[in-house]
Each structure stands twice: as structure tokens, then as C-alpha cells.
Amino acid sequence: MADDIEDDFTSQEERRGYDRTRLILDVFFDGQDVTGVASTKDISPGGLYMNTQAEIPQGAMLLVRIPFRPGVQVICPAEVIYSEPGRGVGLRFRDLPDETRAVLEREVSNG
């Protein structure tokens, strides 16, 4: 059983294109059937995990606004890659403009 958990963790880490940074921020999300505020657990230029009680299904598309600090925020389209109902969701950013990705890379590395 422990080997299965370790294998799942390793395979998920290998799938990520970016290292995640533990950075806790409030994020605002809006989707077809859900809107709310959540907090990040970790974030990278490729995606984030957000803690939320909202039940958001895998495959759902969200628009996520991430205010890093006064005057610096990004708005990113994101897809729910995995969902843990009542706990949170893992998001992958989709189709980011170069400027948005640059802000994410800068702010995440400063976190």
C-alpha cells in the first residue's frame, strides 16, 4: 500500500513541467457553475493547487485571478486536472500569453 502511494506521488511529480513553490495566496475563481475565493497550497508557472470546499469536477475550466501583491496580479484560464471534493483541486494553466507567464515566473520565484 505504501509503495502505491509513493508511486502515485512520483508519477505526479514527473508529469509536472515546473517545480512548485509553496506560496499561500488568496485566489479568486470563476467557472460555469462555481465562483469563489480559495487559497493556494503551492503554485508554479504551469499551475497551482487551491484549497476549497467547493466541489469542482475534473475537466472543469476556470478563470483564476491571482493577486500577488498590490498592483501585480494575473488572470489565467485553468483546467481542473484532479479534484479532491471538499479539500481542493489541482489546476493547470491553459493558453497563457507570454506576458502573463513572465509575471507568474517572476512572482513565483520571488515567493
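Reader: What makes K41 count as a charge sitting over the ring of Y49?

Author: This is a predicted model, and in it the charged end of K41 is 5.3 Å from the centre of that ring. The cut-off is 6 Å, along with an angle of within 35 degrees of the ring normal. K41 sits over the ring of Y49, so the label fits.

Reader: And how do you know that R65 sits over the ring of F28?

Author: Same kind of check. The charged end of R65 lies 4.1 Å from the centre of the F28 ring, and the limit for that distance is 6 Å, so R65 passes on distance. R65 and F28 meet in another way too: R65, in strand β4, is the bridge partner of F28.

Reader: What makes β1 and β4 a pair?

Author: Two strands need at least two bridges between them. β1 and β4 (residues 61-69) have four, so they pair, and they do it in the antiparallel sense.

Reader: How do you know that β1 pairs with β2?

Author: Count the bridges again: there are five between β1 and β2 (residues 35-44), also antiparallel. At least two are needed, so that's a pair. You can spot F28 opposite V37 in β2, and D30 has T35 as its bridge partner there. The two strands form a hairpin, with three residues between them.

Reader: Why is β2 said to pair with β3?

Author: β2 and β3 (residues 47-51) share five bridges, in the antiparallel sense. Set that against the minimum of two, and they are therefore a pair. S44 stands opposite G47 in β3, and the hairpin from β2 to β3 runs through two residues.

Reader: Back to β1: why are some of its side chains called buried?

Author: Buried means under 20% relative accessible area. V27, F29 and G31 are buried and point to one face of β1 (residues 26-31). D26, F28 and D30 point to the other face and are not buried, so those three don't fall under that 20% limit. That's the alternation along the strand.

Reader: How much of the chain is buried?

Author: Buried residues make up 37% of the 111 residues. As for the surface, the accessible area of the chain comes to about 6,900 Å², and 46% of that belongs to carbon and sulfur atoms.

Reader: In what order do the helices and strands come?

Author: Starting at the N terminus, you get α-β-β-β-β-β-β-α. The chain has two helices and six strands.

Key
Residues numbered from 1 in each chain as written. Predicted model: local features only at pLDDT ≥ 70, side-chain atom pairs only at ≥ 80, totals over all residues. Heavy atoms only, no water. Buried < 20%, exposed > 50% of the residue type's maximum accessible area, 1.4 Å probe, protein only. Areas by Shrake-Rupley, 256 points an atom, 1.4 Å probe, with all protein chains shown as cover.
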